[in-house]
Amino acid sequence: MQEYLVTIFGNNDNRSIRLGYLNGSMVSVKLVEGQVCNDTELRFLFAFAANYVQEADLLANNGRTLKVKFKVQIMATDLSFKAFWDAYGYKVGNKAATEKLWNALNEDEKHQCLAGTKRYNQFIARNYQQQKAYAETFLRQERWKNEYNV
């Protein structure tokens, strides 16, 4: 099963919804973060599901038509500490403490963290004067939740 994280950006808060697809059909929906969607967001979500997540142009058009700001992320299938450690790439600091913090995260947080790690790495690459945090600090301070301009 391939899973996607759809984040809908609202005026007051964001909503993250996890969608699971098997052989092109949606088989699971889970609200990960935020409040229940309003009518406009629900119409967008159903259009999203009907068009299938891989048709990015149709989704972008649906988002603009309904004035819904959104982001789609393919969810990682490997949620091991090794996957995070390798993705983070800055292998310094206390690895054991970092692994303990990683293992304390739930599955949804691990998905969000891996996506945030990618954004953070892109941000650091573009802002070469910014020193990269140790992985332990990144996890302890939940920096994956930050919005990085990439």
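**A colleague's note on the model**

1. Ala-87 touches Leu-114, Thr-117 and Asn-121, leaving aside residues up to four places away in sequence (contact means heavy atoms within 4.5 Å). Ala-87 is found in helix 3, residues 81-88 (helices, H or I of at least four residues, and strands, E of at least two, are DSSP runs numbered from the N terminus). The C-alpha atoms of Ala-87 and Leu-114 are separated by 7.5 Å, although these residues are 27 apart along the chain. At 36% relative accessibility, Ala-87 counts as partly exposed (buried is under 20% relative accessible area, exposed over 50%, partly exposed in between, with a 1.4 Å probe and protein chains only).

2. A word on the basis of these remarks. This is a predicted model, in which local features need pLDDT of at least 70 and side-chain atom pairs count only at pLDDT 80 or more, while totals for chains, interfaces and linings use all residues. Residues are numbered from 1 along each chain as its sequence is written, and side-chain values use heavy atoms, with hydrogens and water left out.

3. Staying with helix 3, its buried residues are Phe-81, Ala-83, Phe-84, Trp-85 and Tyr-88. They pack against helix 4 (95-104), helix 5 and helix 6. After helix 3 comes Gly-89, with a positive phi near 85°.

4. Asp-86 of helix 3 deserves a look. It forms a salt bridge with Lys-82, with 2.7 Å between the closest N and O atoms (a salt bridge is a side-chain nitrogen of Lys or Arg within 4 Å of a carboxyl oxygen of Asp or Glu). Both residues lie in helix 3, four residues apart, or about one turn of the helix. Asp-86 is partly exposed, with a relative accessible area of 37%, whereas Lys-82 counts as exposed at 57% relative accessibility. Lys-91 also forms a salt bridge with Asp-86, the closest N and O atoms being 2.9 Å apart. Lys-91 is partly exposed, at 45% relative accessibility.

5. Another salt bridge sits in helix 6, where the side chains of Glu-136 and Arg-140 meet at 2.8 Å, N to O. Because they are four residues apart in helix 6, about one helical turn separates Glu-136 from Arg-140. Arg-140 is exposed, with a relative accessible area of 52%. By sharing partners, salt bridges join Lys-82, Asp-86 and Lys-91 into one network. The whole structure holds four salt bridges.

6. Lys-132 would be my next stop. Its place is in the loop between helix 5 (107-126) and helix 6 (135-140). Lys-132 is buried yet has no salt bridge, and the nearest side chain of opposite charge, that of Asp-86, is 11 Å away (Lys and Arg count as positive, Asp and Glu as negative; His and the chain ends are not counted). What does its side chain meet instead? A polar contact of 2.4 Å joins the side chains of Lys-132 and Asn-121 (a pair of N or O atoms within 3.5 Å; within protein, one must be able to donate a hydrogen and the other to accept it, and residues adjacent in sequence count only if both atoms are side-chain atoms). A polar atom of the Lys-132 side chain also lies 2.4 Å from the backbone oxygen of Tyr-88. Beyond four places away in sequence, Lys-132 touches Tyr-88, Tyr-90, Tyr-120, Asn-121 and Ile-124. Asn-121 is thus also a contact of Ala-87.

7. Now the sheet. It is open, with four strands in the order 3-2-1-4 and antiparallel pairing (two strands pair if DSSP finds at least two bridges between them). Strand 3 (25-33) and strand 4 (69-74) are the edge strands, each pairing on one side only. On average, neighbouring strands are turned by 20° against each other, direction ignored. Helix 5 packs on this sheet, touching strand 1 (2-9), strand 2, strand 3 and strand 4, and its direction makes about 85° with that of strand 3 (axes are lines fitted to C-alpha atoms, for helices over the stretch in contact, with angles from 0 to 180 degrees between N-to-C directions).

8. Finally, the hairpin. Strand 2 (residues 14-22) and strand 3 run antiparallel and are joined by seven bridges. Leu-19 has Val-29 of strand 3 as its bridge partner, and Leu-22 has Ser-25. Two residues lie between the strands of this hairpin, where Asn-23 takes a positive phi near 55°.
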